[in-house]
Amino acid sequence: MERRRGVVVRFGSRNMEVVDSELGGRVICTMPGRFRTQGIRPIVGDVIEYIISSDGEGRIESILPRKNELLRPRISNIEQIILVLSLREPEVQSFVTDRFLLLASIAKLPVVIVVNKIDLLRGEELEVFSAVYGEDYDIIPVSSKQKTNIDRLRETLKGKTSAMAGMSGVGKSSLLNTLNPGLQLRVSEISRTLERGKHTTSYAELLQFDFGGLIADTPGFANLELPRIPSGELQRHFPEIAQEKGMCAFSNCSHLDEPGCYVKELVEAGDIARSRYESYLKMFLELKDREVVKGGRR
Ligand SMILES: Nc1nc2c(ncn2[C@@H]2O[C@H](COP(=O)(O)OP(=O)(O)OP(=O)(O)O)[C@@H](O)[C@H]2O)c(=O)[nH]1
Ligand SMILES: [Mg+2]
Ligand SMILES: [Zn+2]
């Protein structure tokens with residue numbers, strides 16, 4: 001029988017939904033019993049091989065190796081993080097933005113910053129934001145409400161698997177509907193054919209854009225608990241600090257209060273944004289605290 005390829009986009013209690021872009025549709029698939037005994041468990045985002053049985057159901061044959069895997073939400077093969085934020089209603093604090101950026105960096109995923117609700121901005125607010133982030137990150141300013149710059153965002157999403165992250169209220173759901181009207185509605189329709197468990201909302205799922213591309217609609221990535229990295233590694237994830245590596249008097253400078261710290265000089269001169277430096281300090285001290293707590297075992 002013909003083996004086909006698809007991407008797992010959603011789970012039910014006993015089956016899963018697979019998008020087969022060649023087929024141009026979706027197939028409800030089940031797992032062979034041997035997966036359970038062998039401890040094989042597909043997750044959302046997995047590329048799988050399957051065969052269609054006579055009743056139109058699919059049966060999974062194998063899972064292709066994962067390129068990467070996010071833990072919260074548990075999802076594989078993500079190609080980029082779309083970090084949505086707004087500068088008004090709500091004004092997302094730079095510390096929150098910087099945590100998201102850190103998580104994306106640790107996951108080794110490129111991130112695109114989408115500044116939504118630009119219809120609410122006054123004066124130079126967008127320019128001020130761009131001055132802090134524009135050099136190291138791609139920024140797409142949009143308004144879901146006025147449909148500004150939506151085409152540009154669509155281009156960025158087209159043909160890729162993305163995860164959308166961002167604080168509650170910044171307009172993630174609104175954007176999905178503006179990008180692809182009816183997307184959410186269609187989802188609930190399909191869910192009926194899928195046998196759902198009781199706690200389905202906690203699962204990750206991927207939505208399929210009509211223009212091509214998949215996106216994880218769960219805000220689960222919003223869990224902002226600091227990942228367990230050594231404090232000394234933090235600076236690698238701040239591009240504007242990492243770039244100055246070797247410029248401080250001490251080669252292992254943590255840019256806290258060491259003499260001859262070039263990073264602090266750049267902050268004073270306004271070449272590194274103060275808000276970014278303050279985020280760095282706050283996270284550094286948090287990581288350091290944790291190291292002291294478990295210090296006895298080191
Ligand atoms: N002015 C303005 N309001 C917007 C825009 N986009 C979304 N909103 C409003 O912002 C509010 C929150 O939007 P949602 O799409 O629910 O936000 P969300 O990010 O999905 O929030 P969670 O699901 O809680 O994570 C709604 O009242 C939207 O109408 C925009 O571009 N401009
Ligand atoms: Mg939402
Ligand atoms: Zn330094």
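Welcome to this predicted model. A good place to start is the shell around ligand 1, which by class holds nine polar, four charged and three nonpolar residues. From there, this briefing turns to strand S9, which pairs with strand S8 and with strand S10.

**Around ligand 1**

- The ligand is surrounded by 16 residues, and the closest are Ser-168, Gly-171, Lys-172, Ser-173 and Ser-174.
- Helix H5, which covers residues 172-179, gives the largest share of this shell, with three residues.

**Strand S9 and its cover**

- Strand S9 spans residues 111-116 and is mostly covered, since five of its six residues are buried.

**The S8 side**

- Strand S8, residues 80-86, runs parallel to S9, and six bridges join the two.
- One place to look is Leu-85, whose bridge partner in S9 is Val-115.
- Helix H2, residues 94-106, takes part with S8 and S9 in a right-handed β-α-β unit.

**The S10 side**

- Strand S10, residues 138-141, also runs parallel to S9, and here four bridges make the link.
- Val-115 turns up again on this side, with Pro-141 as its bridge partner in S10.
- Helix H3, residues 125-133, belongs with S9 and S10 to a right-handed β-α-β unit.

**Putting it together**

- To trace the pairing by eye, begin at Leu-85, step to Val-115 in S9, and then go on from Val-115 to Pro-141 in S10.
- Strand S9 thus belongs to the unit with S8 and H2 as well as to the unit with H3 and S10.

Notes. Residues numbered from 1 in each chain as written. Chains lettered and ligands numbered in written order. Predicted model: local features only at pLDDT ≥ 70, side-chain atom pairs only at ≥ 80, totals over all residues. Buried ≥ 20, exposed ≤ 12 C-beta atoms within 10 Å, placed from the backbone. Pairing = 2+ DSSP bridges. Right-handed = clockwise from strand over helix to strand, strands pointing away. Near = placed C-beta within 6 Å. Nonpolar A, V, L, I, M, F, W, Y, C, P; charged D, E, K, R; others polar.
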